Amino acid sequence: MTHVKEDILGLMPNEIIKELADMGEQPFRGKQVVNWLYKGINSFGAMTNLPKSTRQKLESKYKIGSLKQIDRQKSEKGDTIKYLYLLADNNIIECVVMKYAYGNTLCLSTQVGCRMGCSFCASTKEGLVRNLEVGEMVAQLLIANSDIGRAEDRGIRNIVLMGSGEPLDNYQNVIKFMRLVHHPDVFNISYRNITLSTCGLVPKMKELSQEDIPITLSISLHAPNDEIRRKIMPVASAYSVDEIVQAGKYYFEKTGRRVTFEYSLIHRLNDSEENARELAYRLKDFSCHVNVIPINEIEGTPYRRSSEYRIESFINTLKSLGLQVTRRRELGQDIGGACGQLKRGYLDNVEI
Ligand code: SAH
């Protein structure tokens with residue numbers, strides 16, 4: 001039987017330190033390993049201040065990441081870079097680096113595929129394949145960081161869990177990942193700079209409220225009522241808009257972090273003035289934020305992007321009713337904007 005090595009990138013610093021101590025190494029060795037890991041090295045052999053015997057012990061039990069970059073595309077404007085990675089079991093995931101004035105943002109995947117079934121989304125077409133391991137999420141950050149760090153001398157400052165997958169459907173791994181990247185000896189990324197996007201798994205949203213991880217919670221609402229929501233999101237049959245808004249309020253109460261509602265505008269499905277009014281009514285008395293996104297048209301779906309006139313009218317109606325609204329900047333249109341698109345494009349063209 002072949003021995004499957006554990007990915008050391010999935011361990012917290014204290015777990016690594018304990019592991020080295022259990023191997024009979026001196027106390028400072030664990031800390032040395034931790035110091036090396038996030039510098040972008042990919043073998044224990046490169047940890048030159050460790051004795052050879054220590055490196056060998058680590059080598060026999062662990063691997064350092066398992067992602068292979070198989071594609072990298074930069075948008076014409078240079079504001080977006082998309083990466084496609086091959087996992088050890090030949091699955092493929094993608095992540096995207098977006099350049100904003102306030103720092104580079106990494107949009108990463110939490111699952112291979114997704115089982116939520118939103119009908120406008122490219123990532124869920126084949127259902128869920130599997131959850132990503134903690135180390136596989138860390139590796140996305142590590143590789144992107146060393147790529148842009150080399151090119152521009154600036155690392156990733158913000159993380160958004162908005163690639164493929166439903167983060168709250170891979171709860172334990174995603175929580176550990178967030179604690180890990182926040183750790184001062186790992187990436188030291190502030191919880192404020194992490195955004196988790198969910199389609200609204202109410203019980204998990206409540207659980208997250210109590211983790212003492214004050215990240216930004218982003219809720220994919222996309223509809224002002226259950227009737228419209230059920231047409232595009234199967235999860236709407238499990239949890240109502242009211243329950244989701246309540247869970248958002250609970251998150252705000254517990255963490256003090258303002259919640260964002262994502263609203264993808266789809267031509268004549270959820271983009272009327274009446275829809276905007278109903279949404280504003282649902283969210284009144286809640287100090288939240290609405291992020292409006294014109295839908296990215298996915299081949300094989302009937303959904304079309306709203307006209308510029310309807311997009312602006314929708315936003316203006318929400319604003320006139322007192323909501324705080326932004327329109328999401330659309331980056332990287334020329335390299336396949338929406339989540340799942342790069343991978344789809346790749347799978348359509350290449351046989352693996
Ligand atoms: N599963 C999570 C996170 C992944 S998707 C969630 O549902 O929030 C990140 C965001 O992109 C979600 O708001 C999702 O609804 C949205 N999205 C997916 N496909 C899209 C498309 N074709 N156009 C616009 N937004 C899309």
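Reader: How many residue pairs are in polar contact between domain 1 and domain 2?

Author: In this predicted model, three residue pairs are in polar contact between domain 1 and domain 2, both residues being at pLDDT 80 or more. On the side of domain 1 that touches domain 2, helix H1 (13-22) and helix H2 (27-37) each supply at least two residues. H2 gives the largest share of that side, namely three residues. Sorted by class, the side of domain 1 that touches domain 2 has seven nonpolar, four charged and two polar residues.

Reader: Where do domain 1 and domain 2 lie along the sequence?

Author: The domain assignment of the protein places domain 1 at 6-63 and domain 2 at 68-349. Taken over C-alpha atoms, the centres of domain 1 and domain 2 are 34 Å apart.

Reader: How should the size of such an interface be read, and what area is buried between domain 1 and domain 2?

Author: The general idea is that interface size is often given as the accessible area lost when the parts come together. Here, about 1000 Å² is buried between domain 1 and domain 2, and carbon and sulfur atoms give 70% of that area. In domain 1, the residues that lose the most area to domain 2 are Leu9, Met12 and Tyr38, together 49% of what that side buries. Counted by contact, 13 residues of domain 1 meet 14 residues of domain 2.

Reader: What should one look for in a salt bridge, and how many does the rule find across the interface of domain 1 and domain 2?

Author: In general, side chains of opposite charge can pair when their charged atoms come close. The rule finds two salt bridges across the interface of domain 1 and domain 2. Lys31 forms a salt bridge with Asp185, with 3.1 Å between the closest N and O atoms.

Reader: How many salt bridges does the count come to by this rule, and why does the pair of Asp185 and Lys31 tie together parts that are apart in sequence?

Author: By this rule the count comes to 23 salt bridges. Asp185 lies in the loop between helix H5 (171-182) and strand E10 (194-198), while Lys31 lies in helix H2, so the pair ties together parts that are 154 residues apart in sequence.

Reader: Which residues that surround the ligand are the closest?

Author: The ligand is surrounded by 18 residues, of which Gly165, Ser197, Ser220, His222 and Asn296 are the closest. A polar side-chain atom of Glu166 is 3.1 Å from a nitrogen atom of the ligand. For Thr198, a backbone N or O atom lies 3.4 Å from an oxygen atom of the ligand. A polar backbone atom of Cys199 is 3.5 Å from an oxygen atom of the ligand.

Methods: Residues are numbered from 1 along each chain as its sequence is written. Side-chain values use heavy atoms; hydrogens and water are left out. Domain bounds come from an automatic or database domain assignment. Contact means heavy atoms within 4.5 Å. Buried area is the accessible area (1.4 Å probe) that two parts lose on being put together, summed over both. A salt bridge is a side-chain nitrogen of Lys or Arg within 4 Å of a carboxyl oxygen of Asp or Glu. A polar contact is a pair of N or O atoms within 3.5 Å; within protein, one must be able to donate a hydrogen and the other to accept it, and residues adjacent in sequence count only if both atoms are side-chain atoms. Helices (H or I, at least four residues) and strands (E, at least two) are DSSP runs, numbered from the N terminus. Ala, Val, Leu, Ile, Met, Phe, Trp, Tyr, Cys and Pro count as nonpolar, Asp, Glu, Lys and Arg as charged, and the others, Gly among them, as polar. A residue is near a molecule or strand if one of its heavy atoms lies within 4 Å of it.
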